[in-house]
Amino acid sequence: MHCSSFLFFIYLFRFSPWSNYKAVSYTHLTLPTNRELTLQSERNRKRLIEIIYKAKAGHIGGDLSCLNVLTALYFDVMNVNADSPKDDLRDRFILSKGHCVEALYVTLESKGFITEGILDTLGQYGSILSGHPTIGVPGIEVNTGALGHGLSVGVGIAIAAKMDNRDYKTYVLMGDGEQGEGSIYEAAMAARQYRLDNLVAIIDRNHLQISGNTEDVMGIDDIHDRWTAFGWEVKDMNGDDMEDIIRTFRSIDYANRHPHLLVAHTTKGKGVSFMEGVAKWHHGVPSNEQYEQAIQEISERIKDLEYN
């Protein structure tokens, strides 16, 4: 990624028509509890199974592994408002692992950015919802899908915030299989060079990619040492546990002059027993019987969280 590319993204987020929106100050009046966040994540998990089953397509395994992190970001961590989706003060989110867009769609629906009617058009001709994020969908900042590009875009946005003396944060969610893309490390160097403590990258560390175990394809078990050497602050968290996710996000020091990396240790296919840790569910659609089993498992957990 050359300097001109970074400058393009800086220009885009400083001088595009988006910058003309009136800034609205909003804060969390009441932070949700870990139980409430877990319940929301389970509801989103159920909705995810429904839309993938109906659309007959989706990267369901990686969707399920990152849903807890997405729920935490949108319902606790980030300043975002569906009534002002282009607000100047909003935090920015980039789904670099864009093939898992279905998880983002259900999160945006539950947050009020897109309506239920729109989400039900996934997989249909003429729908604004495609298999990767596009800016035609309310709440989506940039088109993604070509792996390895999201962090470079995030660096540009974070630099723009520094140049404009704005306090918004930028969050980028990457896959662990994506870590073989060289452009990620060019962006990592730039983030340290410009001391982007307003930038948080998250790696969905579920250990499985389309061609198998990450360590058999392109090993990254040294991920902590690697990113620390690039000058990033690195934290590990249990991405399957909402309490640990929230605790880790709240421990970030946004004034330490270092970019932040959170390694979310997750389970591919999380929340559906027959999908958990199974590589073939990188992309797949459940059969009628599998669909009923998945919905039953999730519904039972939702009931327990609602009434117990």
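Which helices and strands do the buried residues of H10 pack against? In this predicted model, the buried residues of H10 pack against two helices, H2 (34–55) and H3, and against the strands S2 (170–175), S3 (199–205), S6 (233–238) and S7 (260–265). Helix H10 itself covers residues 242–250, and its buried residues are Met242, Asp244, Ile245, Ile246, Thr248 and Phe249.

**The chain as a whole**

The chain has 308 residues, of which 53% are buried, and its secondary structure comes to 11 helices and seven strands. Among the contacts with a separation of 6 or more, 78% are made by residues that stand 24 or more positions apart. The accessible surface of the chain comes to about 13,300 Å², and carbon and sulfur atoms account for 51% of that area.

**The nonpolar cores**

The largest nonpolar core holds 57 residues, and the members that touch the most other members are Leu73, Tyr74, Phe93, Ile202 and Phe249. Helix H3, which runs over residues 60–77, gives this core its largest share, namely 11 residues. Apart from its neighbours within four places in sequence, Leu73 is in contact with Met78, Phe93, Tyr171, Ile202 and Phe249. Phe249, one of these partners of Leu73, is also one of the buried residues of H10. Separate from this core is a second one of 30 residues, which includes Ile94, Ala160, Ala191 and Ile220. Ala191, named among the members of the second core, is a buried residue of helix H7 (residues 183–193), where Ser183, Ile184, Tyr185, Ala187, Ala188 and Ala190 are buried as well.

**Where H3 meets H4**

Helix H3 also meets helix H4 (residues 101–111), and the axes of the two helices come within 9 Å and cross at roughly 35°, in a crossing that is right-handed. On the H3 side the contact is made by Asp63, Cys66, Leu67, Leu70, Tyr74 and Phe75, while the H4 side includes Val101, Glu102, Ala103, Leu104 and Val106, together with Thr107, Leu108, Ser110 and Lys111. The residues of this contact divide into 10 nonpolar, two polar and three charged. Tyr74, which takes part in the contact with H4, is also listed among the residues of the largest core that touch the most other members.

**Loops and positive phi values**

Lys56 is not a glycine, yet it has a positive phi, and Asn165 likewise takes a positive value in a residue other than glycine. Arg195, which comes just after H7, has a positive phi too. The table sets these residues side by side.

| Residue | Phi | Place |
|---|---|---|
| Lys56 | about 65° | loop between H2 and H3 |
| Asn165 | near 55° | loop between H6 (150–163) and S2 |
| Arg195 | about 50° | just after H7 |

Is Asn165 buried or exposed? Asn165 counts as exposed because its relative accessibility is 70%, which lies over the cut-off of 50%. Lys56, in contrast, counts as partly exposed because its relative accessibility is 49%, a value that falls between the cut-offs of 20% and 50%.

Gly180 is found in the loop between S2 and H7, and since its relative accessibility is 47%, Gly180 counts as partly exposed. Gly180 and Gly148 are 32 residues apart in sequence, and their C-alpha atoms are 8.1 Å apart in space.

Notes
Residues are numbered from 1 along each chain as its sequence is written. This is a predicted model: local features need pLDDT of at least 70, side-chain atom pairs count only at pLDDT 80 or more; totals for chains, interfaces and linings use all residues. Side-chain values use heavy atoms; hydrogens and water are left out. Helices (H or I, at least four residues) and strands (E, at least two) are DSSP runs, numbered from the N terminus. Buried means under 20% relative accessible area, exposed over 50%, partly exposed in between (1.4 Å probe, protein chains only). Contact means heavy atoms within 4.5 Å. Accessible areas come from the Shrake-Rupley method with a 1.4 Å probe; for residues, only the protein chains shown count as cover. A nonpolar core is a set of buried Ala, Val, Leu, Ile, Met, Phe, Trp, Tyr and Cys residues joined through side-chain atoms within 4.5 Å. Axes are lines fitted to C-alpha atoms, for helices over the stretch in contact, and angles run from 0 to 180 degrees between N-to-C directions. A crossing is left-handed if the near helix is turned anticlockwise from the far one by less than a right angle, and right-handed if clockwise. Ala, Val, Leu, Ile, Met, Phe, Trp, Tyr, Cys and Pro count as nonpolar, Asp, Glu, Lys and Arg as charged, and the others, Gly among them, as polar.
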